[in-house]
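Work through the exercises below with the structure open beside you. Try each task before reading its solution.

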Amino acid sequence: LLPSMAFPIMLSMLVQALYNVVDSVFVSMVSENALTSVSLAFPVQNLMIAVGTGTGVGINALVSRSLGEKKQEYANSAANNGIYLAIFSFIGFAIVCGFFAPAFFRVQTTDPQIMEYGVDYVRVIGIMSFGLFIQLTCEKLLQSTGKTIYSMATQLLGAIINIILDPIMIFGLFGFPRMEVTGAALATVTGQIIAAIAGVIVNMKLNKELHISLVKYKISGDVIRSIYSVGFPSIIMAFMTFGMNKILMGFTSTATAVFGVYFKLQSFIFMPVFGLNNGMVPIVAYNYGARKPKRITKAIKLSIIYGVCIMLAGFAVFQLFPGSLLGIFSASDDMMAIGIPALRTISLSFLIAGFSVVASSVFQALGHGFLSLAVSVLRQLVVLLPAAFILSKAGGLGACWWSFPIAEVFSGVICFVFIRYAYKKEIHPLYEK
């Protein structure tokens, strides 16, 4: 069941990672400043994805658990409130990105070209973000009822359209004007909007387990709290990327470009694990609602094994081929000098990350969103950023990258303690009933 649920999502997320990388590869062909501007914009883009994904994870877990408990109306309410949250998220980001994009870049750089590229990019992805939020919500609704093959299809559609449009809009092919970084943003949002339309149609026509009606189901504070109590931890990552960019810009814009490239590359490793988690969450949540502890335990164990194996493969690639990975992005000599040791050092964190990432999703599936939130806050904000700042001052840029494996060791220990707690509190008592 786990591979059948997870594999379509893992495949679609790999394609998602591919188009994120393709996006940056084409932008890097414009100039290093263009790549740096997209790297500096990444916290905003990542925050939007994190809000959409985090909300979706909360919807997924709540809907699956409610269906397992045979609470059909509550599942319907969770689904419809998820759509409301997607609309509100779009409105908020459209306003913030439209008005405050220049201020966001002024606190990170004084280079006028990087500023111009970055502001244009952020405004496009923010003002047209309705496609992103609707797409992510529709995907999670399909995943929550086990229809992962349809979720994969809608995500693949958006990703493939983005990949096709990227070179056309960036370089002005087939009669299009050359739009450079703005073209990359327009290609991204066009793919998201088409995927969102497909997601709405598929949910309305094929997802019969849920009833979507924004007229019948009103906004519920209780449902929204339940969604965000599970989904909020996924939002924390964006604040870390902004903080790291601030630290790295203190050295050179090339270091920021390397960090941006790392995040694009690591998505090839983490996205399959996230896809695995998205397949696991409804299984664990449904069986938790149905009071079937053996299936819960087996799904968790298998997910941890698969997740660790994926991360070990990623670690091997980053250790053996860092120069080749950077070469994909037209890396300069300076970028190679900074990037090769950076990729090798940061990837040490992969050795533990497989367990930690799966464990955080287990907490969410069991309704312990606070534990997942605590792990995210402690890892990203309490350990990683302060460690990066201290190491950058004490040992320079090379030492700064060690903050990632340090934070991951800390996170792994905390996750081990928390997963034992969650097992004893939620799963073990089910064996006694």
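**Exercise 1. Describe how helix 6 and helix 7 cross.**

The model is a predicted one. Helix 6 passes helix 7 in a right-handed crossing. To locate the pair, find residues 148–171 for helix 6 and residues 180–206 for helix 7. Their axes are 8 Å apart, and the packing angle is about 160°. Angles over 145 degrees count as roughly antiparallel, so helix 6 is roughly antiparallel to helix 7. As for the kinds of residue in this contact, 14 are nonpolar, eight are polar and two are charged.

**Exercise 2. Do the same for helix 5 and helix 6, and list the residues that touch.**

Step 1: helix 5 covers residues 130–144, and its axis lies 7 Å from that of helix 6. The angle between the two is about 160°.

Step 2: because of that angle, helix 5 is roughly antiparallel to helix 6.

Step 3: the handedness of this crossing is left-handed.

Step 4: helix 5 contributes Gln135, Glu139, Leu142 and Gln143 to the contact. From helix 6 come Thr148, Tyr150, Ser151, Thr154 and Gln155.

Step 5: sorted by kind, the contact residues are two nonpolar, six polar and one charged.

**Exercise 3. Decide whether threonine 154 is buried or exposed, and find what it touches.**

Step 1: threonine 154 sits in helix 6.

Step 2: its relative accessibility is 4%. Buried means under 20%, so threonine 154 counts as buried.

Step 3: set aside the neighbours within four places in sequence; the contacts of threonine 154 are then Glu139, Ala195, Ala198, Gly199 and Val202.

Step 4: place one of these partners. Glu139 belongs to helix 5 and takes part in the contact of that helix with helix 6.

**Exercise 4. Which residues of the largest nonpolar core touch the most other members?**

Step 1: the largest nonpolar core has 75 residues. Met244, Phe259 and Trp401 are the ones that touch the most other members.

Step 2: look for the main contributor. Helix 10, residues 253–289, supplies the largest share of this core, with 17 residues.

Step 3: take Trp401 as an example. Not counting residues up to four places away in sequence, tryptophan 401 touches Leu248, Ala255, Val258, Phe259, Ile338, Ala342, Thr345 and Ile346.

Step 4: check for a further core. Another one, of 33 residues, lies apart from it, and its members include Val27, Ala86, Leu136 and Val189.

Definitions and conventions. Residues numbered from 1 in each chain as written. Predicted model: local features only at pLDDT ≥ 70, side-chain atom pairs only at ≥ 80, totals over all residues. Heavy atoms only, no water. Axes fitted to C-alpha atoms, helices over the stretch in contact; angles between N-to-C directions. Helix = DSSP H or I, 4+ residues; strand = E, 2+ residues; numbered from the N terminus. Parallel < 35°, antiparallel > 145°, perpendicular 65-115°, else oblique. Left-handed = near helix turned anticlockwise from the far one by under 90°. Nonpolar A, V, L, I, M, F, W, Y, C, P; charged D, E, K, R; others polar. Core = buried A, V, L, I, M, F, W, Y, C linked by side-chain atoms within 4.5 Å. Buried < 20%, exposed > 50% of the residue type's maximum accessible area, 1.4 Å probe, protein only. Contact = heavy atoms within 4.5 Å.
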